[in-house]
Amino acid sequence: MLQTKKGKITLAIVGGFLTCWVLYHNLGIDDLVEKKKIYSRAEESFSDGDYYLAANRFKMIPGFRDSDQQLKEIYAIVAKDCTEFLTQRNMVKAKQCFEMVKDVPEYSKQANVALQQIEAKQGEKLKNIEPYEGMISSNIKYSSWGPPTEIEREVNYDSLRPDRRIEHYKWIEKDEQGRTIRIKSLYVKQGFVFGEPIISNYYVGQ
């Protein structure tokens, strides 16, 4: 009887180890499949010339295949485009490029100096312009709306994929009694104003 119990205990232990091994193995497979999907999408974005999205996707899978090398190639292309846009005096495109490589060691110094110069010039030009769809998020504070009153993000914002992160900018105006009379708002996705800005007026009864 004792041997039978021992046999059952041994089988239970072995079964437990096998279950853990199978679960671990399956998780590894799932993880590999997901990385392959992300890599494939990143390559597609790269081929389509969407370097921002491609870079974000390759950054999600560091060390997988040649993701790191692909990132270097993307940054090299973007850095070259930055210089060309500056030569063409296309400050909007130049700023987009420099924003993308400002944290990359090889280009950070040049990018940050250029961004300071561009922002100083654009700040003067944008102060009489309202935010518009496609505006770079870093330019919003220079617009006629000024800096937002608040910026809302989803609770799990940081855990979302970069292409799914959306910020809600709000400008809340109140009367002398502290009652809300107007809320201006817009959404920002991947560093740009997403959709048309919204203005909602609130009429407070006397």
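C97 first: C97 counts as buried, at 9% relative accessibility. Buried here is under 20% relative accessible area, exposed is over 50%, and partly exposed is in between, with a 1.4 Å probe and protein chains only. C82 is buried too, at 0% relative accessibility.

Before going on, the basis. This is a predicted model, so local features need pLDDT of at least 70 and side-chain atom pairs count only at pLDDT 80 or more, while totals for chains, interfaces and linings use all residues. Residues are numbered from 1 along each chain as its sequence is written, and side-chain values use heavy atoms, with hydrogens and water left out.

Back to the cysteines. How many disulfides does a search of the whole structure find? Zero. The criterion is a pair of cysteine sulfur atoms within 2.5 Å. For C82 the closest cysteine sulfur is that of C97, at 3.7 Å, which is too far for a bond. C97 is in no disulfide either.

Next, the sheet. Helices and strands are DSSP runs numbered from the N terminus, with H or I and at least four residues for a helix, and E and at least two for a strand. Two strands pair if DSSP finds at least two bridges between them. On that basis, four strands make an open sheet with antiparallel pairing, in the order β1-β2-β3-β4. At the edges are β1, residues 150-152, and β4, residues 192-201, each paired on one side only. From one strand to the next the twist averages 20°; axes are lines fitted to C-alpha atoms, for helices over the stretch in contact, with angles from 0 to 180 degrees between N-to-C directions.

Going through the pairs in order, β1 meets β2, residues 166-174, over three antiparallel bridges. One of the bridge partnerships sets I151 against Y169 in β2. Y169 also stands opposite L186 in β3. Between β2 and β3 there are nine bridges, again antiparallel. Those two strands form a hairpin with five residues between them, and G178 in the turn has a positive phi of about 85°. β3 and β4 are joined by seven antiparallel bridges, with K184 partnered by I199 in β4. Their hairpin has two residues between the strands, and the turn includes Q190, with a positive phi of about 55°.

Q190 comes up again in the pockets. A pocket is defined on a 1 Å grid over the protein atoms alone, as an open set of points with protein on both sides within 12 Å along at least five of seven lines; a cavity is a set where a 1.4 Å probe fits but cannot get out, and lining residues have an atom within 4 Å of a point. Grid points are joined across faces, edges and corners, and volume is the space filled by probe spheres set on the points.

The largest pocket holds about 1,000 Å³. Its lining has 34 residues, and Y52, M100, Q190, G191 and F192 lie nearest the centre. At least two lining residues come from each of α2 (51-59), α3 (67-87), α4 (91-101), β2 and β3 (180-189). Which element gives the most? α2, with six residues. The lining divides into 16 nonpolar, seven polar and eleven charged. Nonpolar covers Ala, Val, Leu, Ile, Met, Phe, Trp, Tyr, Cys and Pro, charged covers Asp, Glu, Lys and Arg, and the others, Gly among them, are polar.

The second largest pocket holds about 160 Å³. α5 gives the most to its lining, with five residues.
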